[in-house]
Every structure is written in C-alpha cells, then in structure tokens.
Amino acid sequence: MGGLLEVLPRTPREQLSELTKLLGRMGGDAARDALLGMAGQGDEAQRAAAVDGLILLRRTQDMQAILSAAGSASGELARADLVLALGRMPAAWAQGEALARQVAAFWKQDAAFELRYRIIGAVGKLDAAGQRSLLESAVGDSDPVLRVAAVDALRRRGGAAEILTRALGDGDPRVRASAAIGLGRHTLTPAQRSALVARLKVER
C-alpha cells in the first residue's frame, strides 16, 4: 500500500484511473484519505480519477468521510465530484435516505451548475423519498439540463405521475420526452392518460 501511495502523485494521467481503482478495491483508511486528498485538491483529471476509486469503497465510515470532505471542500467543483462519488457508490444505496438528506443540504439555487446537477443525480440514485421536494423544485429550474436531470430522477420512482404530467408541457423537448417515458411506467388517472396521449400525438 505504501508504495502505491508514493507513486500516486507521479502517475501519468492515462494510468491514474487504474491506480485509483486499485486503491479503491484495496480499501482502508490510507487509501481512502489519499483518494479524498486528490478529489479535493487535484485538477479535473485527477478529481475524475479519484471518483473512480472512491466509488469502489464499501465501508460506512468511508461514506461518512466522503460526506465530511464534501462539506469542507473549498471549491464547488471539488464538492460536486465528491457528491458524484456518493451517488455512484453501490454500497451507499442501502443508506440512501440518510445520505441523500445530507447531500441535499449542499443545494443552493445560486450554486455552480455542476454541483446542482450532481446533487440531483445523487439524490435520484440514492432513491430517497424524503428529497422529492428538491427534485420537484428542480423540475421548474430555468436550466433545461437540470430539468431533464430532475425528471429523469423522478421517473424512476412511484408517485410522481402528477409532476411528470405537468412536465409534458415543458418548453424543452428533452424534458417532455423524459416525462413521457416516466409516465409510461406509472399507473395513470384518466386525465393523466389523456394528457400523455395528447402530447404523444403532438410530438409524433
């Protein structure tokens, strides 16, 4: 382990991701802390490689350490990458509700686009019913990419037919398409079914 950590700063970028994945699979405090350091202080390529390693960690204390690092990150892009890691960690999904609540606390309407986008994605992946209000609010965001991400997250869960039906009237075709796909997976009221059929006729 010590040898890997020593060569990490000198590893060529094209090999960096493979090394960080190896560290993630090995696990342990030293590997986690090295990956967190890279995620918090590295450049874009280094942060991306760090995420590749972080998502392979398995322990509860690793998830909490990533959350803590996100909370103290000095830059929003570093925080966004740490949020991305949490959303992509299969081991985190069993604790989705608690983790999503803490991730959602990073949400600010004036935060960087990348951070807001990754918060939406992480909350959606963690499948936290308690954060539905954040996703529904994002469906009304001024940025169509964020609206698509929010609709994508909502359509994967039940009970979202009403907000998805409203999203059929969005001005962006990507939002409407995602909403229509989501409604196809829900049990609809007659009014919702009629709205979906009418929209499909228009889009055809």
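1. A helix here is a DSSP run of H or I with at least four residues, and helices are numbered from the N terminus. With that in hand, S178 can be placed in helix 12. The coordinates come from a predicted model, and every point below should be read with that in mind.

2. Overall make-up. The protein contains 13 helices and zero strands. Written out along the sequence, its pattern is therefore α-α-α-α-α-α-α-α-α-α-α-α-α. The C-alpha trace spans about 65 × 30 × 30 Å along its principal axes. Of the 204 residues, 48% are buried. Among contacts with a separation of 6 or more, 61% are between residues 24 or more positions apart.

3. The nonpolar core. How many residues does the largest nonpolar core have? The count is 63, and the residues with the most contacts inside this core are L54, L82, M89, V103, I119 and I120. Helix 10, residues 144-155, supplies the largest share of the core, seven residues. As background, nonpolar side chains in soluble globular proteins tend to be buried together.

4. Helix 6 and helix 8. Helix 6 covers residues 76-88 and helix 8 covers residues 113-126; they pack at an angle of about 15°, with axes 8 Å apart. Angles under 35 degrees count as roughly parallel, so helix 6 is roughly parallel to helix 8. On the helix 6 side the contact is made by E76, L77, R79, A80, D81, V83, L84, L86 and G87. On the helix 8 side it is made by E114, L115, R118, I119, A122, K125 and L126. The crossing of helix 6 past helix 8 is left-handed.

5. Helix 7 and helix 8. Helix 7 is made of residues 96-104, and its axis comes within 9 Å of the axis of helix 8, crossing at roughly 165°. Angles over 145 degrees count as roughly antiparallel, so helix 7 and helix 8 are roughly antiparallel to each other. G96, L99, A100, V103 and A104 of helix 7 meet I119, A122, V123 and L126 of helix 8. This crossing, too, is left-handed.

6. V103 and L67. V103, one of the residues with the most contacts inside the core, touches L67, V83, L86, I119, A122 and V123, leaving out residues up to four places away in sequence. Its partner L67 sits in helix 5, residues 60-72. Is L67 buried or exposed? Its relative accessibility is 6%, so L67 counts as buried. Apart from neighbours within four places in sequence, L67 is in contact with L86, L99, Q102, V103 and F106. L67 and L99 are 32 residues apart along the chain, yet their C-alpha atoms are separated by 8.2 Å.

7. R47. This residue lies in helix 4, residues 44-54. Why does R47 count as buried? The cut-off for buried is under 20% relative accessible area, and R47 has 12%. The side chains of R47 and D81 are joined by a polar contact of 2.5 Å. D81 is also one of the helix 6 residues in the contact with helix 8. Not counting residues up to four places away in sequence, R47 touches M38, A39, G42, L77, A78 and D81. By contrast, the C-alpha atoms of R47 and L135, 88 residues apart along the chain, are separated by 26 Å.

8. The start of helix 12. Helix 12 runs over residues 173-183. What caps its N-terminal end? D172 does, with a side-chain oxygen 2.8 Å from the backbone nitrogen of R174. R176 is in helix 12, and at 14% relative accessibility R176 counts as buried. A polar atom of the R176 side chain lies 2.8 Å from the backbone oxygen of D170. The side chain of R176 also reaches the backbone oxygen of G171 at 3.4 Å.

9. The buried residues of helix 12. Which residues of helix 12 are buried? They are V175, R176, S178, A179, A180, G182 and L183. S178 has a relative accessible area of 4% and is therefore buried. Leaving out residues up to four places away in sequence, S178 touches V148, V151, D152 and R155. An α-helix has 3.6 residues a turn, so residues three or four places apart point the same way.

Key: Residues are numbered from 1 along each chain as its sequence is written. This is a predicted model: local features need pLDDT of at least 70, side-chain atom pairs count only at pLDDT 80 or more; totals for chains, interfaces and linings use all residues. Side-chain values use heavy atoms; hydrogens and water are left out. A nonpolar core is a set of buried Ala, Val, Leu, Ile, Met, Phe, Trp, Tyr and Cys residues joined through side-chain atoms within 4.5 Å. Buried means under 20% relative accessible area, exposed over 50%, partly exposed in between (1.4 Å probe, protein chains only). Helices (H or I, at least four residues) and strands (E, at least two) are DSSP runs, numbered from the N terminus. Contact means heavy atoms within 4.5 Å. A polar contact is a pair of N or O atoms within 3.5 Å; within protein, one must be able to donate a hydrogen and the other to accept it, and residues adjacent in sequence count only if both atoms are side-chain atoms. Axes are lines fitted to C-alpha atoms, for helices over the stretch in contact, and angles run from 0 to 180 degrees between N-to-C directions. Angles under 35 degrees count as roughly parallel, over 145 as roughly antiparallel, 65 to 115 as roughly perpendicular and the rest as oblique. A crossing is left-handed if the near helix is turned anticlockwise from the far one by less than a right angle, and right-handed if clockwise.
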